[in-house]
Amino acid sequence: MSQTTTRPSQTPGAISRIRLHAHNLSPSLRQVADHVLREADTVIHQTITELAASAGVGEATITRLCRKLDFAGFHAFKIALAADVAGRDTTSDRPTNLEGHTARLVKQAKLTLEDTGRLLAPDAIEAVAEQLSRAPRVDLTGQGNSGMIAQLFAHRLLRLGITAQAFTDPHVAAVSISTLPRGGVVIGLTSSGSTIDTVQHLRLAQSHGHYTVAITHRASSPITRYASRVLFTSRQEDPLTDAVMDTLISQTLVLELLYTALLARRPEAAAMLRVTAESVVEKKY
């Protein structure tokens with residue numbers, strides 16, 4: 001008996017869905033859809049705030065369009081759009097051997113550091129360092145890759161004798177922020193500036209009167225609304241790939257500059273570094 005193999009139908013991409021639903025869109029939704037079709041290469045790197053501004057609508061209109069196209073939200077829509085853009089790009093100038101990849105990544109890292117250096121405002125670094133030096137506790141929050149960098153900086157602060165903790169669990173972070181002593185500092189790391197949990201953490205901290213710091217790539221992003229100070233990084237990873245080197249390098253440079261500024265404000269720093277180094281000496285051969 002013969003069997004018939006049924007191929008699963010391919011899920012329509014973002015551009016296909018826009019064209020499919022075009023005749024059912026309201027004027028405001030059609031305005032956004034037309035903008036996306038014209039500027040897809042730019043849109044895949046924008047936050048919802050930036051897209052709303054460039055399309056001349058409110059953020060709620062962007063969300064309505066995403067739901068109309070059967071996406072869970074803007075991020076899911078942007079990933080599908082990035083796949084469409086990648087699919088139509090039939091050329092590639094990427095190297096094919098290890099030596100070529102090495103040269104490309106080294107060049108990319110150099111550009112990222114230079115770009116971040118140009119974005120940094122010394123007065124902002126100094127202002128944040130002053131708050132950190134006097135804080136009874138510092139909470140850092142971030143998701144995914146940003147969470148790993150948050151943990152790294154929390155460790156660096158501990159080496160200076162500053163009570164610090166980093167959270168990647170959003171629920172635990174919220175509980176900690178709600179119990180932060182007066183004068184505490186909350187640092188939120190999110191390259192896009194639109195990571196919901198991190199934005200909510202800074203909003204919670206601000207509502208409790210704490211000093212808040214956003215480290216982000218996007219000036220026009222939700223997290224900046226709840227930041228006492230914003231420190232800008234230079235680049236954001238592609239929404240469709242796992243290429244995160246630019247983000248990690250840029251965030252690390254910003255935090256290392258904060259660390260350097262802190263050293264000058266803590267006369268006991270040298271002694272604390274010696275003490276903390278000696279505390280783990282028996283952990284090494």
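## Close-up views of a predicted model

**View 1. Helix α8 lies across four strands of the sheet.** In this predicted model, helix α8 (residues 122–134) lies across β1, β3, β4 (211–216) and β5. Its direction makes an angle of about 125° with β5.

**View 2. Five strands form an open sheet with parallel pairing.** Reading across the sheet, the order is β2-β1-β3-β4-β5. Because β2 (164–167) and β5 (229–232) stand at the edges with a single partner strand each, one side of each has no neighbour in the sheet. From one strand to the next, the twist averages 20°. Look also for the pairing of β1 (residues 138–142) with β3 (residues 185–189), which is parallel and runs over five bridges. Here valine 138 stands opposite valine 185 in β3.

**View 3. The largest nonpolar core has 31 residues.** Leu132, Val138, Leu140, Phe153, Ile187, Leu231 and Leu258 are the members that touch the most others. At least two residues come from each of α8, β1, α9 (145–159), β3, β4 and α12 (245–263), and α12 gives the largest share, six residues. To explore one member, start at isoleucine 187: among its contacts beyond four places in sequence are Leu132, Val138, Phe153, Leu202, Val213 and Ile215. A second, separate core holds 27 residues, including Leu25, Val32, Phe77 and Ala82.

**View 4. Arginine 218 and glutamate 50 form a buried salt bridge.** Twelve salt bridges occur in the structure, and in this one the side chains meet at 3.5 Å, N to O. Arginine 218 sits in the loop between β4 and β5, while glutamate 50 belongs to helix α4 (residues 48–55), 168 residues apart.

**View 5. A salt bridge joins aspartate 123 and arginine 229.** The N to O distance is 4.0 Å. Aspartate 123 lies in helix α8 and arginine 229 in strand β5, so the pair ties together parts that are 106 residues apart in sequence. Aspartate 123 is partly exposed, at 49% relative accessibility, and arginine 229 is partly exposed too, at 29%.

**View 6. Glu126, Glu130, Arg134 and Arg265 are linked in a network of salt bridges.** Within this network, the side chains of arginine 265 and glutamate 130 meet at 2.8 Å, N to O. The pair links the loop between α12 and α13 (269–279), home of arginine 265, with helix α8, where glutamate 130 is found, 135 residues apart. Arginine 265 counts as partly exposed at 27% relative accessibility, and glutamate 130 is partly exposed at 32%.

Key: Residues are numbered from 1 along each chain as its sequence is written. This is a predicted model: local features need pLDDT of at least 70, side-chain atom pairs count only at pLDDT 80 or more; totals for chains, interfaces and linings use all residues. Side-chain values use heavy atoms; hydrogens and water are left out. Two strands pair if DSSP finds at least two bridges between them. Axes are lines fitted to C-alpha atoms, for helices over the stretch in contact, and angles run from 0 to 180 degrees between N-to-C directions. Contact means heavy atoms within 4.5 Å. A nonpolar core is a set of buried Ala, Val, Leu, Ile, Met, Phe, Trp, Tyr and Cys residues joined through side-chain atoms within 4.5 Å. Buried means under 20% relative accessible area, exposed over 50%, partly exposed in between (1.4 Å probe, protein chains only).
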